[in-house]
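User: Please take a close look at one part of this model, the surroundings of a bound ligand. Then carry on through the rest of the fold and connect what you can.

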Amino acid sequence: MKYIELDDPRSLPDGAIADDALFSFDCNPGVSCFNRCCHNLNLFLYPYDVIRLKQHLGLSSDQFLERHVDVVLRDGCFFPEVLLSMSETSEKPCPFLSPSGCSVYPHRPEACRMFPVEQGLVYDAKTRQNRKIHFFKPPEFCQGTTDGKQWTPSAWIKDQGAEDYNRMTQRWSELIRLFRSDPWAGEGPGGKRGKMAFMAAYNMDAFREFVFKSSFLKRYRIASAHLDKVRGDDVELLKFGLAWIALFIWGKPSPLLKPR
Ligand code: SF4
Ligand code: SF4
């Protein structure tokens, strides 16, 4: 999901499809291009993707990040993000690709779920509201568009089980929008504050240790009911982490926590 700037935020950017637009799509193991789209990808993993995959694979956050991602800084963004590392064989397949298809299918990342639809957010500075927009972008070799069932973007999202992913990524995108300005005061995202913010977004195991085993709770006040939730639930901890980053780095208040 990316932010799109438009002179008229009510218009549709190039290539976007209307909310009620219909497109034909059907992907199945019988297509001649089966699995071709799972090679040599720049596949960004959002924080919720990392949680879903590391839980499914039975890995700690550290193990998952060490084995499966490259950390990158995108142009125009001052927060590091993570790309899924492709296998190092000549065709660079996704590490989760098996001969019969995706081996992590129920927990596949948002970009894979949505494919070949992409989602963006248009920010209207006047109303301070975001509007979701969609693009239908199958690669040229994709055979899934020739026949098949017809979908609107929302029917596709529902069918692919992408709703929770979309909700979490929207929270993430709203935070990332702030990082189009540099908050690091010369130390860069690799400095101490940047590393802590990265941990709160991508490394739930380390962030949980930090919240419960450092002086964190002496410095921030958190409602006890909410504290119980974040203690045992990675997704609640991620929501909390995103709010903490906005407060810690940008001074944005949150109902989830307050400085003491
Ligand atoms: S996670 Fe699954 S669907 Fe996504 S690229 Fe890898 S194999 Fe393909
Ligand atoms: S390229 Fe299109 S039809 Fe082929 S496997 Fe990928 S999504 Fe399915």
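Analyst: Ligand 2 is surrounded by a shell that draws on separate parts of the sequence. One group is Cys27, Val31, Cys33, Phe34, Asn35, Arg36 and Cys37, and the other is Pro138, Phe141, Cys142, Gln143 and Gly144. By class, 8 of these residues are nonpolar, 3 are polar and 1 is charged. The charged one is Arg36. This model is predicted, and the shell should be read as part of a prediction.

Ligand 1 has its own shell. Cys38, Leu41 and Leu43 belong to it, as do Cys94, Phe96, Leu97, Cys102 and Val104. Arg108, Pro109 and Cys112 complete the list. Here the classes are 10 nonpolar, no polar and 1 charged. Arg108 is the charged residue.

Next comes the backbone around these sites. Asn40 is not a glycine, yet its phi is positive, at about 50°. Asn40 sits in the loop between strand 3 (23-24) and strand 4. Another backbone feature is the cis peptide bond between Phe115 and Pro116, with omega at about 5°. Pro116 lies in the loop that runs from helix 3 (110-114) to strand 9.

Now the open sheet. Its 3 strands follow the order 4-6-5, and the pairing is antiparallel. Strand 4 (44-45) and strand 5 (69-72) are the edges; each has a single partner strand, so one side of each has no neighbour in the sheet. Strands of a sheet pair through backbone hydrogen bonds, either parallel or antiparallel.

Strand 6 covers residues 81-84 and pairs with strand 4 over 2 bridges, in the antiparallel sense. Phe44 has Leu83 of strand 6 as its bridge partner. Leu45 stands opposite Val82 in strand 6. Strand 5 also pairs with strand 6, antiparallel and over 4 bridges. There Asp70 faces Leu83 of strand 6. Leu83 therefore has a partner in each edge strand: Phe44 in strand 4 and Asp70 in strand 5.

A further set of pairings involves strand 10. Strand 9 (residues 117-124) is joined to strand 10 by 8 bridges, and the two run antiparallel. Glu118 has Phe135 of strand 10 as its bridge partner. The two strands form a hairpin with 4 residues between them. In that turn, Arg128 has a positive phi of about 55°. Strand 10 spans residues 129-136 and also pairs with strand 2 (residues 16-17), antiparallel and over 2 bridges. Ile17 is matched there with His134 in strand 10.

Last, a pair of helices. Helix 5 (residues 163-178) and helix 10 (residues 234-250) have axes that come within 10 Å and cross at roughly 15°. Angles under 35 degrees count as roughly parallel, and helix 5 and helix 10 are therefore roughly parallel to each other. Their crossing is left-handed. Helix 5 contributes Arg171, Trp172, Leu175 and Leu178 to the contact. Helix 10 brings Lys239, Leu242, Ile245, Ala246 and Trp250. Sorted by class, the contact has 7 nonpolar, no polar and 2 charged residues. The charged ones are Arg171 of helix 5 and Lys239 of helix 10.

Note on methods:
Residues are numbered from 1 along each chain as its sequence is written. Chains are lettered from A and ligands numbered from 1 in the order in which they are written. This is a predicted model: local features need pLDDT of at least 70, side-chain atom pairs count only at pLDDT 80 or more; totals for chains, interfaces and linings use all residues. Two strands pair if DSSP finds at least two bridges between them. A residue is near a molecule or strand if its C-beta atom, placed from the backbone, lies within 6 Å of it. Axes are lines fitted to C-alpha atoms, for helices over the stretch in contact, and angles run from 0 to 180 degrees between N-to-C directions. Angles under 35 degrees count as roughly parallel, over 145 as roughly antiparallel, 65 to 115 as roughly perpendicular and the rest as oblique. A crossing is left-handed if the near helix is turned anticlockwise from the far one by less than a right angle, and right-handed if clockwise. Two residues are in contact if their C-beta atoms, placed from the backbone, lie within 7 Å.
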